[in-house]
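Work through the following exercises with the model open beside the text. Each task is followed by a solution that proceeds step by step.

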Amino acid sequence: ILMKKNFYLLVLLLSLVFVACNKNKMEEEFGETSNPEKKELTAQEQKQKLQTVAEELIGVFNTNDQKDVIALADYLVYKYEEYDWDDVYDFYANKFDYVQAAVEGVKALSRGEVSANVSSKVYRFSNFTGIFKANDKTRSWEYEGDSENIVLLFENEDGVECKAELKATGVEYTFDYEDDYDEDYNFTVEVPSEISFSLTEGDVEHISYTTKLDIEASSSVKQTTTVRFTNITVSTEATATKNNVNGSVLVKYGDRTIFEGSASAPNCKLKDKTDAQEWEDWFEMYGEALWNEDATVKYGNLVGYANILEQVQVKVAVSDISSYNEASDNLYEKYENYDEADCYHEEFHNTYEYNKEYSDLLNSYFTCVLYYSSNVEQARMRFEPYLWNDYCWDGDHAADMYDWGSVIYFPKDDTSYFFDDYFTEKAFSGVIDLTEELANKYLLLFDYIEMERVDLN
């Protein structure tokens, strides 16, 4: 259960931490010239504020913008789901050893079984390229010829040719795997520095995906990814050096930015990364160390900031992740021999004492503050213990059961609410109704695939 709590906290933080910032950046972005909400709002006023922004965000989406690609996907699954792939399998038959080696290698890498020895088989993108076309007469996918890419050709409901294409270009980074027991599974993976995918219908490109990997020996590793679904674009970027890690995300609907953010660990130290060591070698070494639980990374502090429709901002800070992990482990060890439970299935993590100390620990390391396009702090997240079961009976005794939870504190009226007590269905019924309505509008675009109606009430 302790692990579950830590996982919950991690998910909560990752959902909020997006745009790296500090106090100076906050003052620069939300200074006196761009702060429409300079006054503190009460808890009830902020309910209306958050509901208004949420409703505006939902209103950005228009099903007409995505109806063509949804219709194509709907028909594609309906028509081609049962087409035969034997010709494709035959085409890859003489390449199966590469596929098998890749599959076994992925399993081995997940176990941390990595070595830098050159292996006997080489996986590269060019091993798997070719053109495959849907044949309506034979109801099968058939090999059409050579290509530098992997291409699938098919027709939409009106007979217009469509194409799904996967490309790989650029420098290839090499990762080796050697099996100590069976050399048949030894292989080398050459990862292209740029991979892209596109789905087109006639001359219209509905979907595109591009990811670029840039690994500089002894300097940095950087990955950028852009996904476009008709007029919705999501762009991400992650950069790591041996001294810091940064990431960012930007979501746009058409030309309008609806979300932006990033996270930064400016003092993260990859202590085993030497200046002369190439990143491919470090990744392999760290993967093995991580599996053996002896990886040495000092995470340092974490700062972040999320911006929704340029109206609602959330700033998050973690003072020292490594120190928090150590303090959490120490608290666990302090209570793990707890033997004063009054209820047969009560353990220390159900006691008030433990949850009070753990809440205090979280409050000492984590900060999460809400703003409305100004420097004025509107709300702050805290952690508190709460009673979740006031009657646990084992035949002889009754005991109270406790847990910890997230609380929103509003400085204007000095009030606090647990999340479930503040974000109620009644208070945000308008948002729930609009979300349900929008989801069902999208579902109505499917003619062939049977979709169950969404009901959030």
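The exercises below go from the whole chain to helix packing and then to single residues.

This is a predicted model, in which local features need pLDDT of at least 70 and side-chain atom pairs count only at pLDDT 80 or more, while totals for chains, interfaces and linings use all residues. Residues are numbered from 1 along each chain as its sequence is written, and side-chain values use heavy atoms, with hydrogens and water left out.

**Exercise 1. Describe the protein chain as a whole.**

Begin with the secondary structure, which comes to 11 helices and 19 strands; these are DSSP runs numbered from the N terminus, with helices (H or I) of at least four residues and strands (E) of at least two. Next, consider burial: of the 457 residues, 40% count as buried, where buried means under 20% relative accessible area, exposed over 50% and partly exposed in between, with a 1.4 Å probe and protein chains only. Finally, take the contacts (heavy atoms within 4.5 Å): among those with a separation of 6 or more, 59% join residues 24 or more positions apart.

**Exercise 2. Check the length of helix 9, and determine where its buried residues lie around the axis.**

Helix 9 covers residues 352–365, which are 14 residues. The expected span is 1.5 Å times one less than the number of residues, so helix 9 should span 20 Å, and this agrees with the 20 Å between its end C-alpha atoms. The buried residues of helix 9 are Tyr354, Asn355, Tyr358, Ser359, Leu361, Leu362 and Tyr365. Because they cover an arc of only 160° around the axis, they are on the same side of helix 9, the arc being that of the directions from the helix axis to the C-beta atoms.

**Exercise 3. Classify two helix pairs, helix 8 with helix 9 and helix 3 with helix 11.**

Axes are lines fitted to C-alpha atoms, for helices over the stretch in contact, and angles run from 0 to 180 degrees between N-to-C directions. Angles under 35 degrees count as roughly parallel, over 145 as roughly antiparallel, 65 to 115 as roughly perpendicular and the rest as oblique.

For the former pair, the axes of helix 8 (residues 321–335) and helix 9 come within 11 Å and cross at roughly 170°, which makes helix 8 roughly antiparallel to helix 9. Among the residues making this contact are Tyr324 and Leu331 of helix 8, together with Tyr358 and Leu362 of helix 9.

For the latter pair, the axes of helix 3 (residues 43–60) and helix 11 (residues 429–443) come within 9 Å and cross at roughly 10°, and these helices are therefore roughly parallel to each other. Helix 3 contributes Gln51, Ala54, Glu55 and Ile58 to the contact, and the residues from helix 11 include Val431, Leu434 and Leu438.

**Exercise 4. Is Leu309 buried or exposed, and is Glu310 buried or exposed?**

First locate Leu309 in the loop between strand 14 (302–308) and strand 15 (312–318); Glu310 lies in the loop between those strands as well. Then inspect the backbone: phi of Leu309 is near 55°, and Glu310 has a positive phi of about 55° although it is not a glycine. Most residues other than glycine have a negative phi. Accessibility completes the solution, since Leu309 is buried with a relative accessible area of 5%, whereas Glu310 counts as exposed at 52%.

**Exercise 5. Which residues does Lys39 touch, not counting residues up to four places away in sequence?**

Lys39 is found in the loop between helix 2 (23–29) and helix 3, and is exposed, with a relative accessible area of 53%. On this count, Lys39 touches Val376 and Gln378. Lys39 and Tyr372 are 333 residues apart in sequence and 9.6 Å apart in space, C-alpha to C-alpha.
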